[in-house]
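Student: Please choose one part of this model and examine it closely. I should like to understand how that part is placed among its surroundings.

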Amino acid sequence: MPGGEERILRRRISSVQSTKKITRAMELIAATRVVKAQQRAHAARPYANRITSVIEDLAAAGAATEHALLRQSDEIRRVGYVVITSDRGLAGPYNSSVIRAAEREIMAGSRDGRDYSLILVGRKGRDYFKFRNYRIDASFEGMSDTPRYADARRLSEEVSGRFISGDVDQVILVYMEFISLGSQKVAVRRFLPLATIEEIAALGGGSAEARAAFEFEPSPSGVLEVLLPRYVESRLFSALLDAAASEHANRQRAMKAATDNAEELIVKLTRMMNRARQDAITTEIMEIVGGAEALRSAG
């Protein structure tokens, strides 16, 4: 029936329009969350900078460098991988890029005879590695979208505990680093053991003589003992904030692409519907003219 194709196309257009409204709304939500995530990352920097500054002062004051978080293993037998993904999908290549990078690191370690320990943040990473029968030692959910400092503390306790106990000899952090709204890249970095406090101090500036003038109670080493776990937490919190901003930026781009594709499909389907309508009208006119000719011939 000539009008049947037109009705089918009209239903398809209506369906695509509904999808377009959803993707557009998700794009706007992601855009808002990116801005908030950037603001939170910016607000967290003074704390991290201050901790680094105090470590500079401790290094200048001659703090002892023997700490469990600074332990260097003579042989790396087992590597812990902290992989930060998201709890939700529809974020373009965000999760797959991080997961592939982590999997490459695990395979490279296996070729060198190293065992692995997986500590996963986000449901997507957990589902991927669980489906492929990887051994998962710990997983966390509910912190990828809007991470809190308490989340970083929980994660830090798990990671630091495994390193201090000797369960792993090294910890690698795999996450998406946020550079700008249009640029994010996968970061694969050694997380534990920490750099020595001299190396951490070298990241800062200022006069070493001025920093050495500080007095610490009970002692520089005692302060360092308390401060290094906070330093680990601040680094993890920074990575979680970066990952959250990257997730929202990737979701915004993915939803914008989906919205644009829906618009193109609507235009294409509308043209097809108009063509079908014209064909139906032409067919009806031809039937009317044919009927009129038949009546004239019969008369």
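Tutor: Two strands are said to pair if DSSP finds at least two bridges between them. With that term in hand, we may turn to strand β2, bearing in mind that the model is predicted. On one side of this pairing account stands strand β3 (residues 136–140), which is joined to β2 by four bridges in the parallel sense. Within this pair, Leu118 is placed opposite Ile136 of β3. Between the two strands the chain passes through helix α3 (residues 123–131), and this β-α-β crossover from β2 to β3 is right-handed.

Strand β2 also pairs with strand β1 (residues 78–84): the two run parallel and are joined by seven bridges. Here Arg78 is found opposite Asp115 of β2. The path from β1 to β2 leads through helix α2 (residues 94–111), and this β-α-β crossover, too, is described as right-handed.

We next ask how far β2 is enclosed. A residue counts as buried when its relative accessible area is under 20%. Of the seven residues of β2, which spans residues 115–121, six are buried, and the strand is therefore largely enclosed by the rest of the structure. Asp115 has a relative accessibility of 34%, so this residue counts as partly exposed. Its partner Arg78 has a relative accessible area of 15% and is therefore buried.

These two residues are connected through their side chains as well. Asp115 and Arg78 form a salt bridge, with a distance of 3.6 Å from N to O. This contact ties together distant parts of the chain, since Asp115 belongs to strand β2 and Arg78 to strand β1, 37 residues apart. The pair is not isolated: a network of salt bridges links Arg78 and Asp115 with Arg135, Asp137, Glu158, Arg162 and Asp167.

Let us now consider the nonpolar surroundings. In soluble globular proteins, nonpolar side chains tend to be buried together. In this model the largest nonpolar core contains 56 residues, and Leu118, Phe129 and Leu192 are those with the most contacts inside it. The element that gives the most to this core is helix α7 (residues 220–298), with 11 residues. Leu118, already met opposite Ile136 of β3, thus also has a place among the best-connected members of the core. Phe129 touches both Leu118 and Ile136; leaving aside residues up to four places away in sequence, its other contacts are Ile99, Ala102, Ile106, Leu120 and Tyr134. There is also a second, separate core of eight residues, among them Val16, Ile266, Leu269 and Ala276.

Finally, helix α3, through which the chain passes from β2 to β3, has a salt bridge to consider. Arg123 and Glu141 meet through their side chains at 3.2 Å, N to O. This pair again links distant parts of the chain: Arg123 lies in helix α3 and Glu141 in the loop between β3 and α4 (149–164), 18 residues apart. The relative accessible area of Arg123 is 31%, so Arg123 is partly exposed. Glu141, at 32%, is likewise partly exposed.

To draw the account together, strand β2 is paired in parallel with β1 and with β3, and its residue Asp115 is held in a salt bridge with Arg78. Six of its seven residues are buried.

Terms used. Residues are numbered from 1 along each chain as its sequence is written. This is a predicted model: local features need pLDDT of at least 70, side-chain atom pairs count only at pLDDT 80 or more; totals for chains, interfaces and linings use all residues. Side-chain values use heavy atoms; hydrogens and water are left out. Buried means under 20% relative accessible area, exposed over 50%, partly exposed in between (1.4 Å probe, protein chains only). A crossover is right-handed if, with the strands pointing away from the viewer, the path from the first strand over the helix to the second runs clockwise. A nonpolar core is a set of buried Ala, Val, Leu, Ile, Met, Phe, Trp, Tyr and Cys residues joined through side-chain atoms within 4.5 Å. Contact means heavy atoms within 4.5 Å. A salt bridge is a side-chain nitrogen of Lys or Arg within 4 Å of a carboxyl oxygen of Asp or Glu.
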